[in-house]
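Welcome! Here is a short guided look at a protein chain, beginning with one residue and widening out to the whole fold.

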Amino acid sequence: MAQVTFIVLDLETTGASPQQGCGITEIGAIAVRGGEVLGEFSTFVNPQVPLPDYIVNLTGITDEMLVGAPLIDEVFPEFIKFIDRHEDIHLVAHNAPFDLGFLKAAAASLAIEWPKYEVIDTVKLARRVIDRSEILNYKLGTLSQFFDTQALPNHRALDDVKTTVEVLHRLIERLAGFKVFSVSEFKKFMR
């Protein structure tokens with residue numbers, strides 16, 4: 001597992017679903033291998049629609065902050081370049097179906113084929129390695145408290161990525177107790 005490059009990512013959005021017309025407002029990602037940070041990606045994205053009040057309250061991102069931000073058609077190719085400049089990658093996200101749903105929708109809207117990346121969902125992984133009796137739930141904030149992470153989640157993309165990186169490392173440490181040390185063993189374990 002120490003030889004794998006993890007691209008840990010998080011998005012902030014205008015709402016819950018791209019199928020309901022919601023868009024990306026912020027992308028954060030960190031490439032990490034063997035505990036070493038290889039690179040960072042962070043940008044606002046102008047969704048070209050006003051943000052709902054509940055999103056402003058949740059994230060602290062305002063319409064004014066997004067005024068000069070690039071559109072998704074500028075950001076998306078740069079983000080894919082950031083991912084693809086690394087080798088032997090696995091994308092990692094907390095509640096990965098949410099983030100990947102938005103990224104795949106962005107790719108489709110730009111007529112770009114979404115690459116077939118290996119994906120690790122830290123929610124799913126946490127459910128496998130942390131017994132329900134040990135923890136209240138598997139939310140990022142709860143896992144952050146459970147593992148006493150230095151970075152704290154706050155519904156801002158890069159900060160949440162930093163928390164997820166710490167959580168991922170602690171979850172990987174717990175995999176050793178299940179005799180999981182390689183990617184192939186990890187894939188079998190997650191099945």
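Let us start with threonine 43, which sits in strand E3, covering residues 36-44. Keep in mind as you look around that this is a predicted model. Is threonine 43 buried or exposed? Its relative accessible area is 17%, and buried means under 20%, so threonine 43 counts as buried. Which residues is threonine 43 in contact with, leaving aside its neighbours within four places in sequence? They are Thr25, Glu26, Ile27, Pro70 and Val75.

Now step back to the whole chain. The secondary structure of the protein chain comes to eight helices and five strands. Following the sequence, you meet them in the pattern β-β-β-α-α-α-β-α-β-α-α-α-α.

Some overall values for the protein chain are gathered here.

| Property of the protein chain | Value |
|---|---|
| Span of the C-alpha trace along its principal axes | about 50 × 35 × 30 Å |
| Radius of gyration | 17 Å |
| Exposed area | about 9900 Å² |
| Distance between the centres of the positive and negative side chains | 10 Å |

How does the radius of gyration fit the chain length? A compact globule of 191 residues would have a radius of gyration near 16 Å, so the 17 Å of the protein chain agrees with that. Buried residues make up 49% of the 191 residues. Among contacts with a separation of 6 or more, 65% are between residues 24 or more positions apart.

Turning to the surface, carbon and sulfur atoms supply 50% of the area that the protein chain exposes. As for charge, the protein chain has 18 positive and 26 negative side chains.

Finally, let us look inside. The largest nonpolar core has 30 residues, and those with the most contacts inside it are Phe6, Val8, Leu125, Ile130, Leu171, Leu175 and Phe186. Two or more residues of this core come from each of strand E1 (5-13), strand E2 (24-33), helix H5 (122-129), helix H6 (140-147), helix H7 (157-175) and helix H8 (183-190). H7 gives the largest share, eight residues.

Valine 8 makes a good stop on this tour. Leaving aside its neighbours within four places in sequence, valine 8 is in contact with Gly28, Ala29, Ile30, Val32, Val92, Val161, Thr164, Val165 and Leu168. There is also a second, separate core of 27 residues, including Leu9, Ala29, Ala106 and Tyr117.

Terms used
Residues numbered from 1 in each chain as written. Predicted model: local features only at pLDDT ≥ 70, side-chain atom pairs only at ≥ 80, totals over all residues. Heavy atoms only, no water. Helix = DSSP H or I, 4+ residues; strand = E, 2+ residues; numbered from the N terminus. Buried < 20%, exposed > 50% of the residue type's maximum accessible area, 1.4 Å probe, protein only. Contact = heavy atoms within 4.5 Å. Rg over C-alpha atoms; globule rule 2.2 N^0.38 Å. Areas by Shrake-Rupley, 256 points an atom, 1.4 Å probe, with all protein chains shown as cover. Lys, Arg positive; Asp, Glu negative; His and termini not counted. Charge placed at Lys NZ, Arg CZ, Asp CG, Glu CD. Core = buried A, V, L, I, M, F, W, Y, C linked by side-chain atoms within 4.5 Å.
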